[in-house]
Amino acid sequence: MGRPIRIDEDIYNEAKKTAKAEFRSISNQIEFWAKIGKCALDNPDLPIEFVKDLLISKNQDRSLAEPFKFGEDE
């Protein structure tokens, strides 16, 4: 269950634009940013782009993934 919160209007408007471009709801966009920020603070040695890509990949459909093949033998 979600909880209503107050948020700066500029952040809301930026989330609205980004959410539309990334096919998320505004609340899901803000939640995504919060998760990235928390992960980045918990793992300061990791690049922010890596953290973002990792969070995105965790939510992708696993049936679309290609199996990893070790070596050149195919």
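**Exercise 1.** Is Arg 24 buried, partly exposed or exposed?

*Solution.* The model examined here is predicted, and the step to take is to set the computed accessibility of the residue against the cut-offs. Buried means under 20% relative accessible area and exposed means over 50%, with partly exposed in between. Arg 24 has a relative accessible area of 24%, so Arg 24 is partly exposed.

**Exercise 2.** Find the salt-bridge partner of Arg 24, and describe how exposed that partner is.

*Solution.* Arg 24 forms a salt bridge with Glu 22, and the closest N and O atoms of the pair are 2.3 Å apart. A salt bridge needs a side-chain nitrogen of Lys or Arg within 4 Å of a carboxyl oxygen of Asp or Glu, so the pair meets the cut-off. Glu 22, with a relative accessible area of 39%, is partly exposed. The structure holds 5 salt bridges, and the next exercise turns to others among them.

**Exercise 3.** Work out how the salt bridges of Lys 17 and Lys 35 are placed along their helices.

*Solution.* Begin with Lys 17, which forms a salt bridge with Glu 14, the closest N and O atoms being 3.5 Å apart. Because these two residues are 3 residues apart in helix H1, Glu 14 and Lys 17 are separated by about one helical turn. Lys 17 is exposed, at 54% relative accessibility, whereas Glu 14 is partly exposed, at 40%. Continue with Lys 35, whose salt bridge is to Glu 31, with the closest N and O atoms 3.3 Å apart. Lys 35 and Glu 31 both lie in helix H2, where they are 4 residues apart, about one turn of the helix. Lys 35 is partly exposed, with a relative accessible area of 41%, and Glu 31 is also partly exposed, with a value of 41%.

**Exercise 4.** Describe the lining of the largest pocket, and then follow one of its residues, Ile 5, to the surface.

*Solution.* The largest pocket has a volume of about 180 Å³, and its lining is made of Arg 3, Ile 5, Ile 7, Tyr 12, Ile 26, Ser 27, Ile 30 and Glu 31. Sorted by character, the lining has 5 nonpolar, 1 polar and 2 charged residues, and its largest share, 4 residues, comes from helix H2, which spans residues 26-42. Ile 5 lies in the segment before helix H1, and with a relative accessible area of 66% this residue is exposed. Together with Ile 7, Ile 11, Tyr 12 and Trp 33, Ile 5 makes a nonpolar surface patch of about 450 Å².

Key
Residues numbered from 1 in each chain as written. Predicted model: local features only at pLDDT ≥ 70, side-chain atom pairs only at ≥ 80, totals over all residues. Heavy atoms only, no water. Patch = residues over 30% accessible without salt bridge, like charges linked within 9 Å, V, L, I, M, F, W, Y side chains within 5 Å. Areas by Shrake-Rupley, 256 points an atom, 1.4 Å probe, with all protein chains shown as cover. Buried < 20%, exposed > 50% of the residue type's maximum accessible area, 1.4 Å probe, protein only. 1 Å grid on protein atoms, 1.4 Å probe; cavity = no way out; pocket = protein on both sides within 12 Å on 5 of 7 lines; lining within 4 Å. Points joined across faces, edges and corners; volume = space filled by probe spheres on them. Nonpolar A, V, L, I, M, F, W, Y, C, P; charged D, E, K, R; others polar.
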